[in-house]
Amino acid sequence: PAEHLHAALALGDDALVLAQRLGEWTGNAPTLEEDVALTNIGLDLLGQARHLLGLVGDEDELAFHRDEREFRNLQLVEQPNGDFAHTIARQLYFSCAQSLVHRELAASDSPLAGLAGKTVHEVAYHRDHAVQWTLRLGDGTEESRTRMQRALDALWRYTGELFDPVPGLPVDLPALRAPWLRDVTEVVERATLRLPSGPDRAAWAAGGGRDGVHTEAFGRLLAEMQHLPRSHPGARW
Amino acid sequence: PAEHLHAALALGDDALVLAQRLGEWTGNAPTLEEDVALTNIGLDLLGQARHLLGLVGDEDELAFHRDEREFRNLQLVEQPNGDFAHTIARQLYFSCAQSLVHRELAASDSPLAGLAGKTVHEVAYHRDHAVQWTLRLGDGTEESRTRMQRALDALWRYTGELFDPVPGLPVDLPALRAPWLRDVTEVVERATLRLPSGPDRAAWAAGGGRDGVHTEAFGRLLAEMQHLPRSHPGARW
Amino acid sequence: AGLEAVFEATLAADERVEPRDWMPDGYRATLIRQIAQHAHSEIIGMQPEANWITRAPSLRRKAILMAKVQDEAGHGLYLYSAAETLGASRDELLDKLHSGRQRYSSIFNYPTLTWADVGAIGWLVDGAAIINQVPLCRCSYGPYARAMVRICKEESFHQRQGFESLLALSQGTPEQHAMAQDAVDRWWWPSLMMFGPPDADSTHSAQSMAWKIKRHSNDELRQRFVDICVPQAEALGLTLPDPELRWNDERGHYDYGAIDWDEFQQVLRGNGPCNEQRLTRRRRAHDNGAWVREAASAYAAKHGPEER
Amino acid sequence: AGLEAVFEATLAADERVEPRDWMPDGYRATLIRQIAQHAHSEIIGMQPEANWITRAPSLRRKAILMAKVQDEAGHGLYLYSAAETLGASRDELLDKLHSGRQRYSSIFNYPTLTWADVGAIGWLVDGAAIINQVPLCRCSYGPYARAMVRICKEESFHQRQGFESLLALSQGTPEQHAMAQDAVDRWWWPSLMMFGPPDADSTHSAQSMAWKIKRHSNDELRQRFVDICVPQAEALGLTLPDPELRWNDERGHYDYGAIDWDEFQQVLRGNGPCNEQRLTRRRRAHDNGAWVREAASAYAAKHGPEER
């Protein structure tokens with residue numbers, strides 16, 4: 001009956017962790033316009049996270065008082081920002097998938113359909129932002145092209161997990177891999193780049209993020225994010 | 001009567017925080033020999049910290065359960081590692097001062113004299129390590145010379161605080177500034193570099209570290225250092 | 001002479017000078033300098049608060065903080081645009097900031113050491129900024145005045161959020177209360193310095209007043225700020241770190257203690273706690289972003305104006 | 001032929017081959033490859049544990065961990081020196097590591113996700129390493145054998161510390177116990193793979209045995225490891241994640257389940273969870289240190305041999 005809560009936790013953790021990463025950009029972006037844009041996308045995701053985690057329990061309890069192995073987010077979203085190209089590649093892979101997922105979810109009879117319906121537009125904007133930058137970087141200068149290709153290659157290994165089934169999510173995730181691949185391929189080729197062809201998941205603990213298996217960078221992200229509330233148990237802010 | 005505990009806390013925090021910074025180098029040093037050397041210096045300092053904090057109370061309670069404003073370390077030791085030259089400049093400024101302080105402390109009738117007597121040799125080694133590298137970097141290549149000078153300049157502003165009196169420490173710290181300056185000047189000039197001449201403390205909250213006023217980087221250091229024990233209150237490790 | 005008369009008449013009638021209007025070179029230069037300094041303050045001012053985005057203690061506070069810092073980036077954008085209407089370019093102004101030839105508000109050279117500093121900045125620093133800036137909404141230069149209307153509206157929203165955040169701490173656990181008091185103790189005096197040197201030492205004021213760029217003296221605005229803050233501090237349950245602070249019935253204002261102008265001068269000269277850090281980080285963000293900006297230009301050159 | 005006979009006689013008498021002795025090219029090449037891989041494993045192996053130095057939960061544990069990782073750097077130094085006695089240079093070997101032409105132990109391509117992983121590495125990974133390495137103390141090549149004596153002594157110290165650290169967790173709070181169990185669940189199978197492919201698929205074994213570089217087969221060593229770990233796991237109060245693990249009275253050994261050799265091959269081929277991260281970080285440390293090494297060389301060229 002409450003199986004959708006499992007899905008809410010998974011999607012909520014994705015949004016929370018990616019918002020946290022985008023928040024690291026604030027004040028460090030290549031242009032003021034990008035400071036605004038990346039923070040804005042981060043804020044949208046934080047809004048999604050608060051809504052989704054709020055369905056599962058107390059949003060702050062969930063965000064600040066769970067240990068690493070209890071987080072259900074994809075390994076993709078926890079990857080460090082790297083250079084701007086890595087951030088854009090992460091956004092491209094994630095938001096192209098999120099667009100497809102939210103569209104199907106909005107059309108479902110899941111209790112999460114309402115949220116998905118409300119976020120379709122913002123997610124489309126996130127995708128568009130990533131697409132535009134993929135084009136500019138891919139078809140920009142020699143340097144930007146090299147960096148963008150390197151970023152697409154480096155993050156590719158985290159894309160397989162995007163389409164592993166999530167219990168409680170009435171979306172046929174494995175079936176979305178093909179349209180996602182078409183979408184991403186079209187963008188990447190338009191950007192005069194090539195989509196990587198290596199394995200799209202690590203050998204160990206495939207689908208790891210959803211099972212609470214993360215990457216080493218995630219522990220540090222949590223240490224920074226959680227330190228203050230953990231230091232003042234019971235305090236309200 | 002227990003005024004020496006105030007001094008133990010100040011010196012203990014210096015050692016703890018610098019050990020934490022040096023621990024960040026482990027596995028990232030320019031050569032394997034330096035991995036060994038920097039970790040070794042870090043270990044010596046960690047040993048000092050444990051001894052000193054142990055006099056004041058429970059070492060782990062003090063290290064992991066105090067907030068930023070309760071730490072009494074110098075702002076110098078909390079400065080980020082930067083490149084290898086910054087780390088060496090920090091070591092040079094600090095260990096030249098520590099050599100002088102420990103020598104006087106060892107000769108005093110303070111309850112801390114015993115520890116200082118035991119650490120004179122290790123501190124001399126730390127100083128020697130910093131001196132040798134200052135020479136090599138200063139009188140090495142054009143690039144290393146530029147980097148070493150930049151590092152000396154950048155950290156200079158944190159050196160004034162080294163000689164602010166510490167209650168409970170039977171060492172005339174202000175009087176040590178002159179011999180320290182002679183020592184450091186001699187090394188820096190031998191390294192074909194020049195000692196900075198700007199102000200040696202920030203305008204605001206002079207002597208800030210000893211009063212619990214730190215720099216922005218320190219909060220992140222603590223978040224990383226303390227997260228795990230803060231997350232498991234009451235646990236033993 | 002006819003042009004100058006029109007300009008003077010516009011000022012006399014309290015009407016707005018617009019970009020295409022004739023204006024004296026000094027007026028233009030003063031405005032560019034002031035607007036640029038203001039824009040620089042917005043973007044450097046992102047740093048001390050952004051320092052806490054990743055560590056905000058609740059998701060609600062994190063969202064509020066991100067939105068606030070984002071607004072500051074937005075203010076920077078409006079203000080650089082306003083400066084551009086006077087013939088300056090953003091790149092040129094940024095270059096002056098990065099090379100230290102133009103300033104930003106010294107208040108941002110102080111560190112944010114605890115979470116309470118974020119609240120104290122909202123309450124005190126944004127509070128002082130509003131008092132400085134509300135009169136600018138009537139500034140004689142149209143684009144600047146209009147930018148300020150929008151900015152002041154958002155700033156007063158931020159100021160209320162800062163107050164509310166400090167209040168939560170003040171009414172929280174003893175540790176939280178102490179954290180709030182400590183932050184106020186550290187930010188109070190630097191906030192008073194935000195109004196600039198005492199009137200007696202203020203160099204640009206007279207001409208700026210005549211041009212209706214500036215409307216009140218530094219000391220007038222500072223007094224207004226003190227008068228507003230004292231009752232607010234009481235409402236917060238926090239004290240202000242000035243033993244000489246007391247109501248003066250005769251003046252109808254609060255008296256306050258002497259400000260340490262040496263510290264002010266030191267920070268202005270680059271020796272504040274964070275001057276080097278702020279500029280270094282700004283330069284680093286700019287330099288790290290160079291290849292991205294170049295890519296965007298190269299792409300635009302190939303494909304025409306942006307598709308979005 | 002006379003030289004070869006001397007070499008064979010040395011092996012037959014279980015004496016040591018020393019650097020100046022004649023040896024077959026294949027023997028030399030095999031040793032260089034094996035010692036280099038071993039040295040590389042020590043330095044790459046610093047990373048997963050160093051990941052927790054800044055986050056160790058007590059000062060005592062922090063000191064133990066720093067000392068341990070420092071020992072690993074020391075092992076790397078001994079081993080590169082041993083390889084140098086065979087005519088290889090450290091720079092050349094590091095270059096082969098950085099360019100992916102030489103390997104390191106695949107076990108270090110798994111991540112350390114929680115503090116308990118540090119204990120699990122000490123107990124299982126160092127435990128497996130010891131079983132692999134103890135026979136190498138009798139390796140026919142003298143410098144390698146002597147380095148191994150020293151290394152094994154330190155490793156068994158590390159192994160006991162790891163066990164003790166896991167025991168503290170296992171006997172701690174329920175959260176700590178779960179953390180310990182989780183770490184053992186994740187590290188058990190990769191540890192079994194440390195002994196290499198099953199004997200049937202092992203390519204270099206026969207010749208290495210003949211040369212007395214290797215003394216036992218992969219499967220023999222793996223069985224020894226399992227037999228040692230089962231009672232230790234019981235003492236720890238933790239279970240091993242293998243439902244087929246049970247005592248076989250007939251064999252006088254524990255039976256264990258089938259190992260996922262596909263995973264082993266994937267990790268070997270570069271697709272493990274951390275292959276890219278480990279090599280990237282190693283290369284970055286090396287590249288970031290280039291100017292330092294150059295400075296040291298330039299200084300030595302000016303001033304003669306090191307003064308220390």
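**Exercise 1. Helix α9 of chain A**

Task: Check the span of helix α9 (residues 216–231) of chain A against the value expected at 1.5 Å a residue.

Solution.
Step 1. Take the 16 residues of α9(A) in this predicted model.
Step 2. The expected span is 1.5 Å times one less than the number of residues, so α9(A) should span 22 Å.
Step 3. The end C-alpha atoms of α9(A) are 23 Å apart, which agrees.

Task: At which residue does α9(A) bend, and by about how much?

Solution.
Step 1. The bend lies at Met225(A) and comes to about 40°.
Step 2. Look onward along the chain: Pro229(A) follows within four residues.

Task: Is α9(A) mostly covered or mostly uncovered?

Solution.
Step 1. Apply the cut-off: buried means under 20% relative accessible area.
Step 2. Of the 16 residues in α9(A), 13 are buried, and the helix is mostly covered.

**Exercise 2. Chain C against chain A**

Task: Describe the interface of chain C and chain A by its contacts and its area.

Solution.
Step 1. Chain C brings 48 residues into contact with 51 residues of chain A.
Step 2. About 4200 Å² is buried between the two chains.
Step 3. Carbon and sulfur atoms give 66% of that area.

Task: How many salt bridges and polar pairs link chain C and chain A?

Solution.
Step 1. The salt bridge count is 2.
Step 2. One of them pairs Lys302(C) with Asp139(A), with the closest N and O atoms 3.0 Å apart.
Step 3. Polar contact adds a separate tally: 13 residue pairs, both residues at pLDDT 80 or more.

Task: Which helix of chain C gives the most to the side that touches chain A?

Solution.
Step 1. List helices supplying at least two residues each; among them are α4 (59–84), α7 (142–170) and α13 (290–303) of chain C.
Step 2. α4(C) gives the most, with 14 residues.

Methods: Residues numbered from 1 in each chain as written. Chains lettered and ligands numbered in written order. Predicted model: local features only at pLDDT ≥ 70, side-chain atom pairs only at ≥ 80, totals over all residues. Heavy atoms only, no water. Bend = angle between axes of the 7 residues up to and from the residue. Buried < 20%, exposed > 50% of the residue type's maximum accessible area, 1.4 Å probe, protein only. Contact = heavy atoms within 4.5 Å. Buried area = accessible area lost by both parts, 1.4 Å probe. Salt bridge = Lys/Arg side-chain N within 4 Å of Asp/Glu carboxyl O. Polar contact = N/O pair within 3.5 Å; in protein donor to acceptor, adjacent residues only side chain to side chain.
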